[in-house]
Structures are given as structure tokens and as C-alpha cells.
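Me: I have a structure in front of me and plenty of labels to check. Can we go through them one by one?

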Amino acid sequence: MTEILDHLAGRVAIVGSGLAGLVTALTLAPQPVVLITRAALGAETSSAWAQGGIAASLGADDSADLHLADTLAAGDGLCDPTVAASILRQAPNAIAILEKFGVRFDRVADGSLSLGLEAAHSRRRIVHVAGDGSGAAIVQALVEAVSRTPSITVLDGVEARRLLTNDDAVSGLLCAAGSGAVVVPTERVVLATGGLGGLYDATTNPTGNFGQGVMLAARAGAVLADMEFVQFHPTALDSQRRPLALVSEAVRGEGAVLVNEKGERFLAREPGAELAARDIVARAISAEIARGGRVFLDARPALGSGFSSRFPAIDALCREASVDPNSDLIPVRPAVHYHMGGVATDVNGRSSLRGLWVVGEAASTGLHGANRLASNSLLEAAVLGMRAAQDLSATSAEIARRLVDAALPAPADISAVRPIVSRHLGVLRNAGAIHGAIASLLPLVESEGAAADPAIVALLIAVFASLRKESRGAHARTDFPLKLAYAERRQMCFADALEIARATASHPLARSA
């Protein structure tokens, strides 16, 4: 029997407790909201695992225009310049507001913010907390702030399984709780569910994150954007740990270099070398591994015995893998780290579905283009969380729509999907692999079994990838290695993608892949 939580009716419902969800809830205060999280508050979020920090043009030699130029260059022609400019201009203010929420950013002796350098940034502009423990420290501060805010009702251990709609608008959330199925009746939902790295074997994300927000929005009919652009962080620690531990870009920012098993700096001739954009570095490392080689980070000349004090969290992860970064080479490999695509939204987080806002990694605003610039992710989560809250503050609870009956679907099972995605939709792609993915994923989607929810997200990646016949940013095709002269974003709803998938799966190339 489904329990309807009438006492929460009309409240804004926020799904997810990473940076974007927490900021949205805090900015809405004192307006009553309900924050729904399948784990403990702030746990199992990519935000809490972020090492680098937040990008903001705060240095005397920096400006929002310089930050924008770096973002557009990394985005490889696919950023929305107007959207990007508006978000980046708000970065210094976002840092100030986070400090008001209780975040304590690292500062230097004169009291000014300590600014780090990361790949593809032309200035030192990364603010951080506790060195390389930024994400965990920021999330912890916001969790404590939420716990002190009486207007925020937290439902932890509750998983949103379906968006309920009526007359092409949101009418509630169908959730799984310890007591069984529950419905939160609301006409205003914010999805802040994070990324989709759990679809891949090699990822730095929580392994249970398969793109739940994309799935929920897709099933409800919302428009999706740029789903093919999955960013692989070039330097995950190559070990048996799952998910893979991240070796932050900041390590290269401090002078560490990449070498292969022969000791060759294979990126030395590349503009920017080790600090080139992530797609360039990930492709180069993948090519070394594809030929049977290995890749390592060498931090010894730049940091020596100072590695442990500058990067204590990374140092601990290395030692867990029996690597002493002060004296040893650090083995690395690319791993899925971030998704530039997602639910298409405007600059305030509004999706195409009435009553649905999406913020953070689950959304696609146009800021990141084809390849996210380092540390712009936490920035976007903070700015869009604040903007969505301000947009929501101008709305009010509508007259309750009739709730559509819906059975609680089974818990998602990624196990059948992960091998398909890992094999066919990695750093380097081609038509045969993409069509093979579509042919394998389509039956899982149509079966509506336990694999269907993650298979929907994976199928969207594959369909979007099949349509982009070029290599751009994080989407690299060996059969189309060049960029088209004209860069174009793509949007479609799930129903359209499903039609394309069915047509593709019937093609001989897909059946034989």
C-alpha cells in the first residue's frame, strides 16, 4: 500500500544532498522544503569526493572574462557563451555566500584566499578547503547548516523512483522508503542527483550513481541535452579499489609530469603539456594504454617529500595502494569523472517539464560544452542551486493535481548495463561499438526489468553518440577523428531517442557488432 505524505504536500521537494541540493535547500530557507536522499545527508555524493575546489576569478591578475575564455576553450566550441558568462560572473559572490553558510576556505598568511592552479586555467583561481579535501569539507559545512535550519525536512534512506505527472506537469514523487512505497505530493521538484559514473567500471564517482536524475526526467518526458559527452578524468589511481581514487589535477598544477613505462613524457610536445584540457590528456593516456603500455604521474621532482603535506588525502589513497608518492611513480589511468550532458535547463535550472528544476551535474546548462573545465562543476552546482532557489521563491504551491496511480518499480540493477557501457562507450568510440551498445541496451530498456532504469541513461548516451559524427571534446570517434566546422548542441526527449535506437538496432551493422 502506497503511503501519501500529505503533511509534506506543496513543499518544494529536492532530490539529492550533494552541493547543489544542499545549497538549493539553504537558499530557499525559511520557505519549507523537503530534502530527499537515498543515503545519509551528504553521503554517496560526488561533491563530497571532489579534491580540487571551486573556480572563481578572485586573483588580482584575474577576471570573469579570462575565466570565460578558459571555459570556452576547454568546452571545444560547444559552450553557450551567454550562459557561461552569467554563471562565471557570479562565482565570487557564490564563494562569499558559501562562507556565510559556514564553509571555511583556505587562506594565506595575509588573510586572502589561497588560489590553486589546475589544468587549462590561465590563472590561479581554485579556492579550496583543507588542501585536497575540499569537497568533503564543503559538504560537511553545508550539512551542518541544513541540520540547523528548521524549515528543511530531511527524508534520508528514501529513494525517488519516479516523477509523477499530470497534464504535462509535475504532481509528485514516487519513492521507496524503509516502510515501502511513499508519495510526496508536490508540484515543484528539484533534481540534484549528480552524475552517471556508476554506469562504467572505471569511475571516480559513487558506483550507485547511474544518472538517476536523467532517468527520472527522461521517463517524465523532459528534454535532454548533449548526452554523449562523458568526461574521463585523465588521472585516476590505477588500483583494485572501486570506485577508483582520484589523483587531482592540482597535482599536475603543482608540477607533476606524466610518463610512460619507458620514462617518456609523451605529452611534452602538446600545447599545455600535462596541463592541457582533460579530453586531450585522457586521449593521450588511453592511447598509451591501448598499445599495451602503462602511465604514471611523477611528482618527485616538483614536490618530493612535500607531497604528503600538500595532498594528504591523495597521499593516504596512494599508500593504501602500496605507493609512496614522495618516492614512487603513481600509476594512473582515465576514469569517468563527470557528465557534461543531462536534463536541458535554462540559467535558473528550469527544465522543459512544468514544475521540474534540475541543478548540478544532472543538468545541462551549456556552461561546460563538450569538455568541462576543472573546478567549474562545484561552481555551477553552487550558482545554479542559488538561482533555482531564487526562481522557486517567486512561485507558490499550486492547487494539488490528481495523483496518477503508479506501482513502485523494482530497485535498479546496473550489473547487466555496466559491461556494455564500459566496452562500447569509453574514451575512444566508433560506429560499430556505438551501434553494438544500442543493440545490447535496447532490449534491457524495453523489458522494463531491474536493468531498465540505468539502461535508459546508457541508451541515451549511445544514441546521442551515434548522431555526432565528429570528434569534439570528450566525444572522440576513431572513425570520425576530425571536428566539423560548425559546432552544434543537440537536444531531444527520450521518446525520440527510443525511435532512433529502434531504427539503429535493426541495421545489420548493429546486429553484427
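Reply: Start with Glu-44. This is a predicted model, and in it Glu-44 has a relative accessibility of 46%.

Me: Why is Glu-44 called partly exposed?
Reply: Buried needs a value under 20%, and exposed needs one over 50%. Glu-44 has 46%, so it counts as partly exposed.

Me: Where is Glu-44 found, and what is the sign of its phi?
Reply: Glu-44 is in the loop between strand 3 and helix 2 (46-49). Its phi is positive, about 55°, although Glu-44 is not a glycine.

Me: How do you know that Ala-273 is buried?
Reply: Its relative accessible area is 13%. The cut-off for buried is under 20%, so Ala-273 counts as buried. Ala-273 also has a positive phi, near 50°, and it is a residue other than glycine. Ala-273 is found in the loop between strand 14 (257-260) and helix 9.

Me: What makes Asn-376 count as buried?
Reply: Asn-376 has 0% relative accessibility, and buried means under 20%, so the label applies. Asn-376 is found in helix 13 (residues 376-393).

Me: Which residues does Asn-376 touch, not counting those up to four places away in sequence?
Reply: Asn-376 touches Ala-55, His-67, Thr-71, Leu-88, Leu-367 and His-368. To be in contact, heavy atoms must be within 4.5 Å.

Me: Why is the chain called as compact as a globular protein of its length?
Reply: Compare two values. The radius of gyration is 22 Å, and the globule rule gives 24 Å for 513 residues. The two are close, so the chain is as compact as a globular protein of that length. The chain has 18 helices and 22 strands. Its C-alpha atoms fill a box of roughly 65 × 65 × 45 Å along the principal axes.

Me: How much of the chain counts as buried?
Reply: Of the 513 residues, 61% count as buried.

Me: What share of the contacts with a separation of 6 or more comes from residues 24 or more positions apart?
Reply: Such residues account for 72% of those contacts.

Me: Which residues touch the most other members of the largest nonpolar core?
Reply: They are Leu-173, Leu-199, Leu-356 and Leu-460, in a core of 70 residues. Helix 16 (residues 452-467) gives the most to this core, with 11 residues. Apart from this core lies another, of 56 residues, among them Leu-28, Leu-35, Ala-84 and Ala-192.

Me: What is Leu-460 in contact with, leaving aside neighbours within four places in sequence?
Reply: Leu-460 is in contact with Val-214, Ala-218, Leu-224, Met-227, Phe-494 and Ala-497.

Me: What lines the second largest pocket?
Reply: This pocket has a volume of about 330 Å³. It is lined by 17 residues, and the closest to its centre are Ala-202, Ser-286, Arg-333, Pro-334 and Val-427. The lining divides into 9 nonpolar, 4 polar and 4 charged residues. Strand 16 gives the most to this lining, with 3 residues.

Me: What is the form of the peptide bond from Ala-29 to Pro-30, cis or trans?
Reply: That bond is cis, with omega near 10°. Pro-30 lies in the loop between helix 1 (19-28) and strand 3 (33-37). Another cis peptide bond joins Arg-242 and Pro-243, with omega about 0°. Pro-243 is in the loop between strand 13 (230-237) and helix 8 (249-253).

Methods:
Residues are numbered from 1 along each chain as its sequence is written. This is a predicted model: local features need pLDDT of at least 70, side-chain atom pairs count only at pLDDT 80 or more; totals for chains, interfaces and linings use all residues. Side-chain values use heavy atoms; hydrogens and water are left out. A nonpolar core is a set of buried Ala, Val, Leu, Ile, Met, Phe, Trp, Tyr and Cys residues joined through side-chain atoms within 4.5 Å. Buried means under 20% relative accessible area, exposed over 50%, partly exposed in between (1.4 Å probe, protein chains only). Helices (H or I, at least four residues) and strands (E, at least two) are DSSP runs, numbered from the N terminus. On a 1 Å grid over the protein atoms alone, a cavity is a set of points where a 1.4 Å probe fits but cannot get out, and a pocket is an open set with protein on both sides within 12 Å along at least five of seven lines; lining residues have an atom within 4 Å of a point. Grid points are joined across faces, edges and corners, and a volume is the space filled by probe spheres set on the points. Ala, Val, Leu, Ile, Met, Phe, Trp, Tyr, Cys and Pro count as nonpolar, Asp, Glu, Lys and Arg as charged, and the others, Gly among them, as polar. The radius of gyration is taken over C-alpha atoms; the globule rule is 2.2 Å times the number of residues to the power 0.38.
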